[in-house]
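This report goes through selected features of one protein chain. Keep the structure open and look up each residue as it is named.

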Amino acid sequence: MAEKGLSTLPNQEKSLSLLEEQQNLADRIRKGGKTSSAPNLKNIGKGIGEVYDNMSALDKAALFTAPVPVVGDIVGGVADTAALIEDPSLTNAGLMALGLIPFVPSAGVTRTAQRAFTNLRNDVPGFYGTADPVKKLIAAGKTLPEGVTNIARARYGPTARQIQSEHNISVADQKAAQNAIKASEKVADEIAALRKKQKEMEQLGEKPGGAYTGEWNVSAGTKKTTQAYKDIKEKANNLESYARTEAKKSMGQLNQSLSMTKQIGGVDTGLKGLLKNIEGVDHVRTFEKFNVDDYFDEVGDLSGLGKEDISGMFEQIKRVQGMNPKKNYQMNIRRVSTQSAGNLDPTTGKQVYKSVSKEPISLDNIKKDVFPETKKTKSGTGPRKTYTSDKEFLNALDEAGVAVRNRDDVLKGRAAIITGAGKSDAWELGGVNYMTSITKDGKAATIVNDEHDLFNLKLPNADRYMNVSEPIFYDLAKTKKLTSTQQAAKKKLADSKTKSVNKAKEKYESILTDLNIDIPEKVPVGFGSREQYLRSLVVANLKPSHKDYSRLVKDFGIGMPTRAARAVLGTEEEEEEVEVTRKAGGSVIERNPYQSYEPKAI
């Protein structure tokens, strides 16, 4: 009877022995076991050198690039395919048919890219503090080694790999959350002691050791405090600021991961795993397309403006952000007030805009110069000027130095649109653009907008992603009170956030209970809300349901020995023809040697 299959391989005894050893080694790695005997390092070193010298250039390249996501897969695939074409022997065909090659893209480049990008740090010190591109590049470069390390852990670390697969939480996400929890715990006791000391000094008043000097600060209308009291207060404030900053970094990292996941996989993929819990808390909703219709239907009533005026702002956002009409942009509506995740409107009136002169202008300036009080009052709440004439309104803006972007539209009765830029309190947004419409009767609405990118670069082969905030209302001429329609819109948005917050907390508490982690009643220092504290606590302590050794086995337990086997077995010609099974379309068959399911095409 004729011999078939692997029994026909040249040096078959040696070949089968090596393949059996590979599989046994892989089994032990996969099961977390140990080898049975200590290795002879001298002989191993000598053997590795000989094997490496016999490898092809492509096999060597495949070994060096194996740890690099996507690149390692592609180079490995090229090496195996080239080996089979150059030497169609049973050695190479048998190894490929057994699935003992590292080139198994399975879920594809898209998933790999998403996992890689979300492991890069969102917090880049010095990046947003300068306009110099060289300094920006240096700042970004300093965080890249950490990013590469995170990617390697996410790819090969059995725990980190399974956490990202199971919960959609990256190594970078978990690091940022752990730092936030540690920072809060580190300063909590010291802050409590300092605040207690402050109260004691305040109670002593002007007595020795008290908080006050006995003098009066006329301009501020307060008592002057002692230097000792000031020092204690400043130290406590600085420690609290440190804890708040670390909490903001944690929220920013998670929101960056959410954005990247959606960009690469689509708006619904960001709802996978734990990330889905922050969707309705820090964000209203993400749409597949950037368009004013969905925006106006979702949050437009809060602005107090008509759809045509909002549409004009969207057109200006497209211009300022340089949106490419040939590319698809998702539209993410971000909530304005998100505690530790960033508040976008703490200084709406002070925010600066471009002016005709070199000096920037604020909404408070416009309120004073374009909508002055018609009757002076001590409280400053008297009636203010409004306009019925479009031309008079535009002239008043011009005289105040306001740089109006849509002058022709203003003369046709539309709201005037102005723009400015500034640093955002939201860490995943960084620097943002402010687009504001102002009507003749003094109603102003601002949309904070920012395109999500990576070091000012677009994510490759991904959707563009434009963040636009809920409208921020600001009344320049009257009482700043919202209309009934605006109040209803505000309540609707608040209710949807409350529902999302409660649902998220319920999920976090369930996970923490399963992890046997105590849940404090009081929100620790640094965190803006209980939901955000529990969010970081869960991410910081996540454990996988099991450990995933698959990539470790594939690249190091299988891939490297396979390439070594090819070099050891040589390239002897085998005369017997080998039939390689293929499915329709000519796909190479892949079989996982550790599973019982049927082969599948790749």
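Leu 493 belongs to helix H17. The model shown here is a predicted one. Leu 493 is buried, because its relative accessibility is 6% and buried means under 20% relative accessible area. Its C-alpha atom is separated by 8.9 Å from that of Arg 335, although the two residues are 158 residues apart along the chain.

Helix H17 covers residues 484-514. Where in the chain does Lys 499 lie? Lys 499 also lies in helix H17. With a relative accessible area of 67%, Lys 499 is exposed, whereas Leu 493 in H17 is buried. Lys 499 is part of a patch of positive charge on the surface, where it gathers with Lys 276, Lys 503 and Lys 507. Helix H17 supplies the largest share of this positive patch, 3 residues.

**Salt bridges**

How many salt bridges does a search of the whole structure find? The search finds 26 salt bridges. The table gives three of them.

| Pair | Closest N to O distance | Place |
|---|---|---|
| Glu 190 and Lys 235 | 3.1 Å | helices H9 and H10 |
| Arg 195 and Glu 240 | 2.9 Å | helices H9 and H10 |
| Glu 531 and Arg 535 | 2.9 Å | helix H18 |

Take the pair of Glu 190 and Lys 235, which form a salt bridge. This pair links distant parts of the chain, with Glu 190 in helix H9 (residues 171-204) and Lys 235 in helix H10 (residues 227-265). The two residues are 45 residues apart. Glu 190 counts as partly exposed, at 34% relative accessibility. Lys 235 is partly exposed too, with a relative accessible area of 42%.

Arg 195 and Glu 240 meet in a salt bridge through their side chains. Arg 195 lies in helix H9 and Glu 240 in helix H10, so this pair ties together parts of the chain that are 45 residues apart in sequence. Arg 195 has a relative accessible area of 23%, which makes it partly exposed.

The pair of Glu 531 and Arg 535 sits within one helix, H18 (residues 530-541). These residues are 4 residues apart, about one turn of the helix. Are they buried or exposed? Glu 531 is buried at 1% relative accessibility, and Arg 535 is buried with a relative accessible area of 2%. Elsewhere, salt bridges that share partners join Arg 121, Asp 123, Glu 146, Lys 175, Glu 246 and Lys 249 into one network.

Arg 535 has a further partner. Its side chain makes a polar contact of 2.9 Å with the side chain of Asp 282. Asp 282 is placed in helix H11, which runs over residues 276-282. Asp 282 counts as buried, because its relative accessibility is 0%. Arg 535 therefore has a salt bridge with Glu 531 and a polar contact with Asp 282, and Arg 535 is itself buried at 2%.

**Helix H8 and two asparagines**

Helix H8 spans residues 158-167 and is mostly covered, with 7 of its 10 residues buried. Which residues of H8 are buried? They are Pro 158, Ala 160, Arg 161, Gln 162, Ile 163, Gln 164 and His 167.

Asn 168 follows H8 and lies in the loop between H8 and H9. Its phi is near 65 degrees, a positive value in a residue other than glycine. Such a value is worth noting because most residues other than glycine have a negative phi.

Asn 461 also has a positive phi, near 55 degrees. Asn 461 is found in the loop between strand S9 (443-451) and strand S10 (464-469). Which of these asparagines is buried, and which is exposed? Asn 168 counts as buried, at 4% relative accessibility, whereas Asn 461 counts as exposed, at 83% relative accessibility.

Notes
Residues are numbered from 1 along each chain as its sequence is written. This is a predicted model: local features need pLDDT of at least 70, side-chain atom pairs count only at pLDDT 80 or more; totals for chains, interfaces and linings use all residues. Side-chain values use heavy atoms; hydrogens and water are left out. Buried means under 20% relative accessible area, exposed over 50%, partly exposed in between (1.4 Å probe, protein chains only). Patches are made of residues with over 30% relative accessible area and no salt bridge: like charges are joined within 9 Å, nonpolar side chains (Val, Leu, Ile, Met, Phe, Trp, Tyr) within 5 Å. Accessible areas come from the Shrake-Rupley method with a 1.4 Å probe; for residues, only the protein chains shown count as cover. A salt bridge is a side-chain nitrogen of Lys or Arg within 4 Å of a carboxyl oxygen of Asp or Glu. Lys and Arg count as positive and Asp and Glu as negative; His and the chain ends are not counted. The place of a charge is taken as NZ of Lys, CZ of Arg, CG of Asp or CD of Glu. A polar contact is a pair of N or O atoms within 3.5 Å; within protein, one must be able to donate a hydrogen and the other to accept it, and residues adjacent in sequence count only if both atoms are side-chain atoms.
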